[in-house]
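Me: Hey, can you walk me through this protein model? I'm new to this, so plain words please.

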Amino acid sequence: MKKLVLLPLLLLFLFTGAHAQSYNHMKADSLLKANGEIYFSFRIDDRAELDVLTNIISIDNVKGQDVFAYANRSEFGKFVKLGYEIRLLTPPGSMLTDAELMKPANTTSPSGPELWNFYPTYQQYVDTMAYYANAYPSLCKLDTIGTTTQGRLLLAVKISKNVNVDEAKPQFLYTSSIHGDELTSYVGMLHLIEYLLTRYGTDTKVTRLVDSIQIFINPLANPDGTYHGGNNTVNGATRTNANGVDMNRNYPDPGYGPHPDGNAWQPETIAFMNYADSMSFSMSANFHGGSEVFNYPWDTWPRLTADDSWWRFVGREFADTIHKYGPAGYFTDLNNGITDGYAWYTVHGGRQDYMNYFHACREVTVEISSTKTPPASQLISFWNYDYHSYLNYIEQVLYGIHGIVTDTATGLPLYSKVRIEGHDKDSSIVYSRKSNGFYDRLIDQGTWNLTFSKPGYYSKTINNVAVSHYSGVNLNVQLKSIFYGTGELNQGALTIYPVPASKDIHLIFPETDSKKWRLDVVNIIGVSIYSSEINNSGQLIYKIDVSAYPEGVYFIRLSNNNGIYRKQIIVKH
Ligand SMILES: [Zn+2]
């Protein structure tokens, strides 16, 4: 009896469900036509499903068994075959009424915080960035990172004392809205630019940051997505770029290769990769929306970074500061506002892991507000909750261990590897900058042993460097070349015969206490055509076969810890 009653009900249920799904798919189709992407949710049984799903669709959030995701047409085509029951959601970039967006102010010359309660038009954004560079030429410089798919500008300002010089200071980057519909920090970053520039010289903290750091701010990483609805409104903003590609899945991945999403690198991705190559960012943050959490690396795999405890310390400070200035319940997702990326949900091809793994940068993903595009009237409130954390996070780049690496003999800056003994892993090693030898090793409090190394130089290890929170250790290091000694030595001490030579030439090394030698034969245009490293002491006799050398003049260059010997030889057949 029960069965007879239940069966029709079950059939009805199945029919209704299937009907709802086909209706959903039709609606999805029309949304895909209009926006190039859809936003939807579905349920999973097991978190392991996420490891597969993350390669098919763009997962945006996971709350228990509920997954929130975006997909473009081809992604959705693959996803549909998996048979999940979906619920279509209103695109977050199209939820605001005109009144909530507020009318953009007419001015492009910001003069106070009252101007940060609206979403600027594209042109206002470009003009505002230019305005600051023009109004503060010694503190602010406008960089064009590149051009988007549709030809909009990817812009960053650099803010620093002596902004036109690459001084030996850390380089710090803020960037927002790589997902074009996550806009709270887009306006927040514009506000931050104004805050830093107008308070420089009067506000102690701001002055210290601008004096000691090169601060780069890119408020809008995906202008094509943000202005999908036209240059005059952010209404209709999309997550993806104009090609429907989620650019926070489009970067080379430490575990999944150069194209983890199967898409070509987008113009925006290439522009940013070139920009990162031309810089040496020590630390950065990429602002998003949709949740409220400080999401630190890694996203791609469950391994922890070498500096996991440092990340938790910095993340805790970021979240706790927001808790101090924000309303109850704000920025409390996951572990009260912080999470390891993978522990939340895995992402491949994210910019955070790319910057950490391939650029020795400490980049975090910050989800700044649950509402991706809040009513414009709330933007000032978010600024007031968040800006202390924005400043504190920048300030952290001044701590840890930093300094300049130079050549003992010439004093010139050196590009050198800086390794923390017994600590570094998964590409956490940092390097000093080619331009000025500056390095910056952010690290948790503790006592650390650092080894500085560079091919052609003797490595140097400095033990027991004590680091505490909220103070920076300045550690300048000189490395000695094994190629060039520190000075010319008594040239008579090196004996060479025969001159000229046609086959073997013999070198009688000087008698010194040095055991390590570097020997080069250099041709007339100064190119080393033979080199060897030799470990020996005493009166070594060394033979070089020159029978294959073209006739002419060559130089023997022999160096050790103490200096260099040079002698001319002649090859004649
Ligand atoms: Zn996002």
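Reply: Here is a chat about the domains, a few helices and some unusual backbone spots.

Me: Before we start, what kind of model is this?
Reply: It's a predicted model, where local features need pLDDT of at least 70, side-chain atom pairs count only at pLDDT 80 or more, and totals for chains, interfaces and linings use all residues. Residue numbers start from 1 along each chain, as its sequence is written.

Me: Cool. What domains is the protein divided into?
Reply: Domain 1 (2–89), domain 2 (98–398), domain 3 (402–479) and domain 4 (491–571). Those bounds come from an automatic or database domain assignment.

Me: How many residues of domain 1 are in contact with domain 2?
Reply: 15 residues of domain 1 are in contact with 14 residues of domain 2. In contact means that the C-beta atoms of two residues, placed from the backbone, lie within 7 Å. The centres of the two domains, taken over C-alpha atoms, are 31 Å apart.

Me: Which elements supply that side of domain 1?
Reply: α2 (49–53) and β2 (58–63) each supply at least two residues of the side that touches domain 2. β2 gives the most, with five residues. Helices (H or I, at least four residues) and strands (E, at least two) are DSSP runs, numbered from the N terminus.

Me: And by class, what residues does that side have?
Reply: On the side of domain 1 that touches domain 2, there are four nonpolar, seven polar and four charged residues. Ala, Val, Leu, Ile, Met, Phe, Trp, Tyr, Cys and Pro count as nonpolar, Asp, Glu, Lys and Arg as charged, and the others, Gly among them, as polar.

Me: Switching to helices. At what angle do α10 and α14 cross?
Reply: The axes of α10 (residues 308–325) and α14 (residues 379–395) cross at roughly 155° and come within 8 Å. Axes are lines fitted to C-alpha atoms, for helices over the stretch in contact, and angles run from 0 to 180 degrees between N-to-C directions.

Me: Are they roughly parallel or antiparallel, then?
Reply: α10 and α14 are therefore roughly antiparallel to each other. Angles under 35 degrees count as roughly parallel, over 145 as roughly antiparallel, 65 to 115 as roughly perpendicular and the rest as oblique.

Me: Which residues make the contact?
Reply: From α10, they include V314, F318 and Y325, and from α14, Y385, H388 and Y393 are among them. By class, this contact has six nonpolar, five polar and two charged residues.

Me: What about α13, is it enclosed or exposed?
Reply: Helix α13 (residues 351–359) is largely enclosed by the rest of the structure, because eight of its nine residues are buried. Buried means 20 or more other C-beta atoms lie within 10 Å of a residue's own, exposed means 12 or fewer, and partly exposed is in between, with C-beta atoms placed from the backbone.

Me: What do those buried residues pack against?
Reply: They pack against α9 (267–278), β9 (281–288), α12 (341–344) and β12 (362–367). Just after α13, A360 takes a positive phi of about 50°.

Me: Where does S177 sit, and is it buried or exposed?
Reply: S177 is in the loop between β7 (171–176) and α6 (184–199). S177 counts as buried, because there are 31 C-beta neighbours inside 10 Å. Its phi is positive, about 65°, although S177 is not a glycine.

Me: Last one! Which peptide bond is cis at W298?
Reply: The bond from P297 to W298 is cis, with omega near 5°. W298 lies in the loop between β10 (293–296) and α10. Another cis peptide bond joins V499 and P500, with omega about -10°.
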